[in-house]
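Thanks for coming, everyone. I'll put the structure up and then talk you through a few places in it.

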Amino acid sequence: MIEAATNTENVIEIKDLRIGFGDMQVLDGLTMELRKGENLVVLGKSGTGKSVLIKCIVRLLKADSGMINIMGDEVNSMKYEELEDVRRKIGFLFQSGALYDSMTVRQNLEFPLKRMKEKISDEEIQTKIKEALENVGLPDAIDKMPSELSGGMRKRISLARTIIVDPAIMLYDEPTTGLDPVTSHEISLLINDIQKKYKTSSIIITHDIECARTVANRLIMLQEGKVYKEGKLDEFENTDDALVNSYFQSNNSRNPKEL
Amino acid sequence: MKKPITKIKTYARRKTEGLTDETINRKNSFQKFLIDVADVFMFVATVFKNTFARGFEFKEFTKQCFQIGNKSLGLISVTGLIIGLVLTIQARPVLVDFGAVTMLPGMVTISIIREMGPVITALICAGKIGSSMGAEIGSMRVTEQIDAMEVSSANPIKFLIVPRILAATLMLPLLVLYADALGILGGWLAANIKGDVSFILFITQAFGDVEFGDLFPAIIKTFFFGLVIGMVGCYKGFNAGRGTESVGIAANSAVVMSSLLVIIVDLIAVQITDII
Ligand SMILES: Nc1ncnc2c1ncn2[C@@H]1O[C@H](COP(=O)(O)OP(=O)(O)OP(=O)(O)O)[C@@H](O)[C@H]1O
Ligand SMILES: [Mg+2]
């Protein structure tokens, strides 16, 4: 585990967030914050609305009520046209990767760069692409199509596409799910690298306790649309709470600290 | 189901009119169709606004033009030719009875240019282009690629939708002209089965009877056919639901709706030219 961030300024503040689909209330008065420079791990059962939460943050979904403040801007009530500036500050790693199937890796990475408000030169774009691919350890994949890549490679490429625009905030949706332990660990280390290198504040959704152990400065657990528990890693590992234990106990023997 | 933010306009309209998805499900299929059509136009209003926004995706536009032409050319060649053949073979005996065989080229040409060429080409394109747009954009929606574009603050409507609709609007008239030409060629071939007409004579006779009033409205309406096909294909794909089955639904309903709208636009066009 890396040093917890000392700065306590909040980059994201969420108050009383509610959203439902039809009869189903998914988020029901959720309140949380993301502090500057920290890696915040979000745990929770499948279907508790973790993906919905970060989609509300970038307003791919509009919450029914509540407040989402991102570096001073109120996102949930903001005009659609003004969203662009807020979204520029946020990198979003999709659970499914969401690489553009019809484009090569290079075109995938060019896509966000070429459509920024500030125009940058072609050489600069190519340098950035090379750098981003080297950061994720896949410089050779540059002219491949997404369909030619393995699941782990796709995850890395979409990570590269996300960090290439230097976001201040990163939202990772299950970055290690479906990967072997070695690759998972590499991705977790990559998340830490990104935190250090780009000084990002991140929300990491994961079911992978090893990943949580590697990246977390702080954790929250969602349950029934609210924050069920919030705290540091050791508070999650040494607790009597049955629900929290069900996540950590089964893996405790693999706790690196005990090995 | 909650609509993503890009769909908020149509969703908001439904909400203000008390048309939730449940009440829509209770409507009969004709009312549903009308609601769908209204949504398409709302969608188009958004698209239209984006057409003139900064940064036109010219590369994507030319790519789409090429794909539309490339995809449908073979099919349109065959049907165009056969339509010409069939029309001529069927009309000939009637004209012979009236002793008016010299009118054959003109009659065939006019019916190809005014009606058969545009409508049949448009219906083929509704099947071919409409379904592929619905499926392509639908699968991008389902696999979150459209969401990914949106969060990287690249406007998916500008990149995906505007070029496709413009390409369809521009390419359909060209494809229709091409189908017309092959239809007339087919007519000449058929005329040669029974009689012996030189190509030059056939063409002279054919276009001797064609007036500007035959050609012009026919071409104008093909732009609208293209617009309708592009619009519906993109709309259905863009508003695809969640889950892979939505891709099939999007493709299928794009074909159904655009075919139907092509026929309706044709009816309206006939009424308008009739008045003029
Ligand atoms: N656009 C949508 N329309 C309707 N229902 C939705 C939509 N998005 C999410 N849901 C529903 O909201 C609930 C929460 O979904 P979400 O994807 O946030 O779960 P999750 O916590 O990310 O689960 P997982 O760990 O499996 O990814 C699910 O029941 C899902 O069906
Ligand atoms: Mg999820």
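**Starting at a phenylalanine**

Let's start with Phe223(B): leaving aside neighbours within four places in sequence, it is in contact with Thr169(B) and Pro173(B), where contact means heavy atoms within 4.5 Å. Before I go on, the ground rules: this is a predicted model, local features need pLDDT of at least 70, side-chain atom pairs count only at pLDDT 80 or more, and totals for chains, interfaces and linings use all residues. Residues are numbered from 1 along each chain as its sequence is written, chains are lettered from A and ligands numbered from 1 in the order in which they are written, and side-chain values use heavy atoms, with hydrogens and water left out.

Back to Phe223(B), which sits in helix 9 of chain B; helices here are DSSP runs of H or I with at least four residues, strands are runs of E with at least two, and both are numbered from the N terminus. The C-alpha atom of Phe223(B) is 9.4 Å from that of Leu174(B), with the two positions 49 residues apart along the chain. Is Phe223(B) buried or exposed? Neither: its relative accessibility is 33%, so it counts as partly exposed. The cut-offs are under 20% relative accessible area for buried, over 50% for exposed, and partly exposed in between, with a 1.4 Å probe and protein chains only.

Phe223(B) also belongs to a nonpolar surface patch of about 510 Å², together with Phe212(B), Phe216(B), Ile220(B) and Phe224(B). A patch takes residues with over 30% relative accessible area and no salt bridge, joining nonpolar side chains (Val, Leu, Ile, Met, Phe, Trp, Tyr) within 5 Å and like charges within 9 Å. The areas are Shrake-Rupley ones with a 1.4 Å probe, and for residues only the protein chains shown count as cover. Phe216(B) is in helix 9 too, which runs over residues 212-238, and at 45% relative accessibility it is partly exposed. As a reminder, an α-helix has 3.6 residues a turn, so residues three or four places apart point the same way.

Zooming out, chain B has ten helices and zero strands. Its C-alpha trace spans about 65 × 40 × 35 Å along the principal axes, and 49% of its 276 residues count as buried. If you take contacts in chain B between residues at least 6 apart in sequence, 82% of them join residues at least 24 apart. One such long link is a salt bridge between Glu136(B) and Arg164(B), at 3.0 Å N to O; the term means a side-chain nitrogen of Lys or Arg within 4 Å of a carboxyl oxygen of Asp or Glu. Glu136(B) is in helix 5 and Arg164(B) in helix 7, 28 residues apart. Arg164(B) counts as buried at 2%, while Glu136(B) is partly exposed at 28%.

**Where the chains meet**

How much area is buried between chain B and chain A? About 2300 Å², with carbon and sulfur atoms giving 56%; that is the accessible area (1.4 Å probe) that the two parts lose on being put together, summed over both. Chain A puts in 30 residues and chain B 19. Three salt bridges run between the chains. One of them pairs Arg87(A) with Glu150(B) at 3.4 Å, N to O. On the chain B side, helix 6 (residues 145-151) gives the most to the contact, with six residues. Another bridge joins Arg115(A) to Glu57(B) at 2.8 Å, N to O. Both partners of that pair sit in loops, each between helix 3 and helix 4 of its own chain. Glu57(B) counts as buried, at 14% relative accessibility.

**Two odd phi values in chain A**

Over in chain A, all eight residues of helix 1 are buried, so the helix is largely enclosed by the rest of the structure. After helix 1 comes Arg59(A), with a positive phi near 55°. Most residues other than glycine have a negative phi. Arg59(A) is in the loop between helix 1 (50-57) and strand 4 (65-70), and at 3% relative accessibility it is buried.

Glu224(A) also has a positive phi, near 50°, in the loop between strand 9 (218-223) and strand 10 (226-231). Is Glu224(A) buried or exposed? Exposed, with a relative accessible area of 66%.

That's my tour; over to you.
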